[in-house]
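Biologist: Please show me the sequence and the model. I should then like to discuss the cysteines, the sheet and the core.

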Amino acid sequence: MWRRVAQILGLLLCILGWVFVGCTLAMDHWRVAQLGGQGGSSVVVTAWYWSDLWKDCYEDSTAVVNCVDFRLTWTVKSYIHAVRGLLVIGLCLGLIGTVLTFFGLECTNIGGDRRSNDRMLGTASALHLVGCVSDLAAYCLYINRVAAAFLHSKADPSKLSYEIGPPLYLGLVGSFLILLGSTLHCATACRVNHPKSRPPMVPFICERGDEKEVLRGHKLICAPSNVSNDSRNIFTYKMASVVTV
């Protein structure tokens, strides 16, 4: 029972995590820079520069937004391409892993016997883990660039000081949920209580010996049931000889 609950919980965590990761692709404000609005300024003017994976935007205090889309591929920075590719790869692996997880659950009765379900669930856990690592690499790469821009702005005040936006936090939370769900699946798939394969048990047919053997201790003479009558007789004769000795 606990295995089914853990598998369903892991599937829900993975789905929720991949939903968070997918939402970050379409969200704005991956990095945000604010101008003006400082305390003690003679003129309070607030403006925001923010960027995502698809455009750079400028928003003033009147909520007017002007954006410049990344139209040409060769004009986009290389790390933006890397982040896009890593996120897409992670989402594709997560989709395949979610389908395999659904077929590998015990409660669905689709994947086959328990060993096949566990093997499928282990493969799905591996795909989730690889996709999670791909997403984490994408977010860490973008955060590294934002941190580098922040440090450069401290050295050169003329440059914008960018900060991390909400999509990065949401993506990190989603990656953590995927990691937790895949760990639950791996724990249920790699259980150690699989019965080991044993050779099939051959039933034995036991017969009592002659009167002398009965008088000596009521010994039973046994022979496998899958042998012929002649072989059973020979086996019985050998056992009787052993008992006599």
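Biologist: How many disulfides does a search of the whole structure find?

Modeller: This is a predicted model, in which local features need pLDDT of at least 70 and side-chain atom pairs count only at pLDDT 80 or more, while totals for chains, interfaces and linings use all residues. Residues are numbered from 1 along each chain as its sequence is written, and side-chain values use heavy atoms, with hydrogens and water left out. A disulfide is taken as a pair of cysteine sulfur atoms within 2.5 Å. On that criterion, the number found in the whole structure is one.

Biologist: Which strands hold Cys57 and Cys67?

Modeller: The disulfide joins Cys57 to Cys67, with an S to S distance of 2.0 Å. The link is right-handed, with 110° about the S-S bond. Strands here are DSSP runs (E, at least two residues) and helices likewise (H or I, at least four), numbered from the N terminus. The two cysteines are ten residues apart in sequence, so the pair ties together parts of β3 (residues 55-60), which holds Cys57, and, for Cys67, β4.

Biologist: Is Cys67 buried, partly exposed or exposed?

Modeller: Buried means under 20% relative accessible area, exposed over 50%, and partly exposed in between (1.4 Å probe, protein chains only). Cys57 has 4% and is buried. Cys67, at 36%, is partly exposed.

Biologist: Why is the sulfur of Cys132 without a bond to the closest cysteine sulfur?

Modeller: Cys132 counts as buried, at 2% relative accessibility. Its closest cysteine sulfur is in Cys14, and the separation is too far for a bond: 8.9 Å.

Biologist: Which strands stand at the edges of the sheet?

Modeller: Two strands pair if DSSP finds at least two bridges between them. Five strands form an open sheet with antiparallel pairing, in the order β4-β3-β2-β1-β5. Each edge strand has a single partner, so one side of each is left without a neighbour in the sheet; these strands are β4 (65-69) and β5 (163-164).

Biologist: Which residue in β2 stands opposite Arg31?

Modeller: Strands β1 (residues 31-35) and β2 (residues 47-51) run antiparallel and are joined by five bridges. Opposite Arg31 in β2 is Ser51.

Biologist: Which element gives the most to the largest nonpolar core?

Modeller: A nonpolar core is a set of buried Ala, Val, Leu, Ile, Met, Phe, Trp, Tyr and Cys residues joined through side-chain atoms within 4.5 Å. The largest has 21 residues, of which Trp30, Leu53, Val83, Leu87 and Tyr142 touch the most other members. Two or more residues come from each of α1 (2-26), α2 (78-104), α3 (114-155) and α4 (166-189). With six residues, the element that gives the most is α3.
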